[in-house]
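Subject: Structure handover

Hello,

Here is the structure, as promised. Please open it next to this email; my notes on its surface and its hollows follow.

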Amino acid sequence: MKVRSVIIWTVVAVISAAAWGVLALSRGEKVNAVWLLAAALGSYAIAYRFYARFILHKVLGADNRRATPAERLNNSIDYHPTDRRILFGHHFAAIAGAGPLVGPVLAAQMGFLPGTIWIIAGVIFAGAVQDMVILFFSMRRNGKSLGQMAREEIGPVGGAAALIAVFAIMIILLAVLALVVVNALAKSPWGVFSIAMTIPIALFMGFYLRKIRPGRVVETTVIGVALLVLAIVAGGWVQESDWASAFTLSPSALALWLIAYGFVAAVLPVWMLLAPRDYLSTFMKIGTIALLAVGVAITMPVLQNPAFTEFAFNGKGPVFAGSLFPFVFIIIACGALSGFHSLISSGTTPKMIQKETQVRMIGYGAMLMESFVAVMAMIAASLLSPGLYFAMNSPAAVVGTTVESAARAVSNLGFVITPEQLQAAAQAVQEETLIARTGGAPTLAVGISQIFSGFLGGPALQAFWYHFAIMFEALFILTTVDAGTRVGRFMLQDTLGNLWKPLGRVSWWPGLTAVSAVVVGAWGYFLYQGVNDPLGGINQLFPLFGIANQLLAAVALTVGTTLLIKSGRLKWAWVTGIPLAWDAAVTLTASYQKVFSTDPQLGFFAQRARFQEALDRGQILAPAKSMDAMRQIVINSTVDGILAALFAILIIIVILDAARLWTQAIRSKEPLPSTEAPFEESKLVAPAGLIATREERRQMATTAESR
């Protein structure tokens, strides 16, 4: 390294270490949010510069001479070489769903420090590693899905268990994400209009970049972003106009529109709608988060949330039940480690990447960006007074439905807030009430509105920023639904291709249409039922979301470890092996507690027994309001307990079968068979990172002249 680089990285390391020291050594005194910002950004910079580069070259051995499937199999439907900037936007938009927004908000129940440590350390050593490694290995296998790679590389037993677990978990995740979108947009004409406009804007961008002005990425971006800003501003006009009724949709109508959109996005060529729309939405996502960071740096707010609360030690929190270990690591998924990301990394992205070295920027870099989103969510939640936080995030069964009952309940938890303060907080964002607004999204919106109004418009604009944040959250999550549906189609086609070869051709029009309908129909059914029945459909499976997602990560890390060992890189297997061991310990512990705990607030079967006993006595317990609801809760608890146990068993089978193969590979004198595609010389020239180096610019200029 040059002397200048040594000095720069030394300064970055010192600032980051100092920030971590302030966060870790605080003993009751208030901590400025800027320290949290500095700790995160410094850690990310060091990890990307050194650890990600080490993995790219030493562990994976990326080779730019090798043609990627996007180049070799280009058919302009699913396989299509895509500019790294657009692909980064697509990948980030596809992985960044509800998790990094609401997970940290809920985890703030235990204080800001446990969640912050997991968000930053988890992404550096686990989440970003998983995304990058799976993207690389899928790319080397023509974009095969995670389940199919498990089947081909581990074996029929572990592979079958992985295929079943991965597909079932994916349907649950997509339905949950879609439900969050519906809840955020229901009766919000501003949000519905603005998000609906991103579809024609994306279609225009796709045709402009491919047909009208090929290769003009910057030009297309400027036009698209200008139109996006106009759509967001116009959404506010629509909300105050006579058109508002046309864009004020019921939850049922929104669910049907979302199902239809998911199908269309899954079958259209990827360059036409999916990639440009995700790229477009990324500007709003990253722009909003960057603006939040600027707001924190300017206003330098103090965190009201302590480093640890008593709930971190007694596991009796009202927001979610369970101890710090393992449940903070389950509640915070997408911001640190998320199995859903492995589906995108083995779905759309490996079929679009131009060069192997781009997996660092797209796989590792996009995940660092999502982690930063989670950090900003933690800051936003921790800026609220603990009294307001617990009044908003505790269920109505705990805080009641009035400001008086909420103030009393929160005071009993040890946090003081008055009814007048609760009423004033609601009036500031023009909401009737903020009591028992569970789920994390409203809390995040209040926190964002406080940050923005602190340096943009003052208290008079807090309500505007609150509703903007609600719309922003819906857009954030929607992009995971469309990409996830396409990935589900790839996964099911890979699986069915084992039975009938034509279905395995992911771009075969009859097959992709039929399979897309099946995938959309599966998550769409659970979504629609959940929208119309508060105890049915996806609401029945919602409690499995966190554990299922992290169990999926265990499958991905198992596949990554297996492929490292099989390819003769045993000495580097710790890169994925250590995160796998941690994730397996966390998720299997959580699964055990959810199945066998005798605490009805925690264990599914304990909850079932409690409600069944009350049902036998003719008693109705909250949240049920009728005997039929009591019976439904008994059924839901039973189903959740059985599925939690089943998913855990399937993951154990995958890991044990993989361990058998690891032993075989280590003992074997010859490399085990691999499904890696044969080497083919690449003719494409493209930069590895966001900004082309001098040598890369020279190569691109030489290539352009030769044409």
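For the linings below, Ala, Val, Leu, Ile, Met, Phe, Trp, Tyr, Cys and Pro count as nonpolar, Asp, Glu, Lys and Arg as charged, and the others, Gly among them, as polar. The model is predicted: local features need pLDDT of at least 70, side-chain atom pairs count only at pLDDT 80 or more, and totals for chains, interfaces and linings use all residues. Residues are numbered from 1 along each chain as its sequence is written, and side-chain values use heavy atoms, with hydrogens and water left out.

Pocket

Start with the second largest pocket (an open set of points on a 1 Å grid over the protein atoms alone, with protein on both sides within 12 Å along at least five of seven lines). Its space is about 830 Å³, where a volume is the space filled by probe spheres set on the points, joined across faces, edges and corners. The lining has 31 residues; P81, T82, D83, G215 and Q354 lie nearest the centre. Helices here are DSSP runs (H or I, at least four residues), numbered from the N terminus. Two or more lining residues come from each of α4 (84–95), α9, α10, α12 (274–299) and α29 (694–706). By type, the lining has 17 nonpolar, eight polar and six charged residues.

Cavities

A cavity is a set of grid points where a 1.4 Å probe fits but cannot get out; lining residues have an atom within 4 Å of a point. There are four cavities of 30 Å³ or more.

The largest holds about 60 Å³. Its lining includes I95, L173, C334 and F545. α8 (156–185) and α25 (545–566) each give two or more residues to that lining. Seven of the residues are nonpolar, three polar and none charged.

The second largest cavity has about 40 Å³. Among its lining residues are R66, R72, R140 and E356. Here the split is five nonpolar, one polar and four charged.

Surface patch

F204, I212, L227, V229, L230, V233 and W237 make a nonpolar surface patch of about 650 Å². The elements giving two or more residues to the patch are α9 (189–212) and α10 (217–239). α10 has the largest share, with five residues.

L230 sits in helix α10. L230 counts as partly exposed because its relative accessibility is 46%; buried is under 20%, exposed over 50%, and partly exposed in between (1.4 Å probe, protein chains only). Patch residues have over 30% relative accessible area and no salt bridge, with like charges joined within 9 Å and nonpolar side chains (Val, Leu, Ile, Met, Phe, Trp, Tyr) within 5 Å. A salt bridge is a side-chain nitrogen of Lys or Arg within 4 Å of a carboxyl oxygen of Asp or Glu.

Best wishes

Technical notes:
Accessible areas come from the Shrake-Rupley method with a 1.4 Å probe; for residues, only the protein chains shown count as cover.
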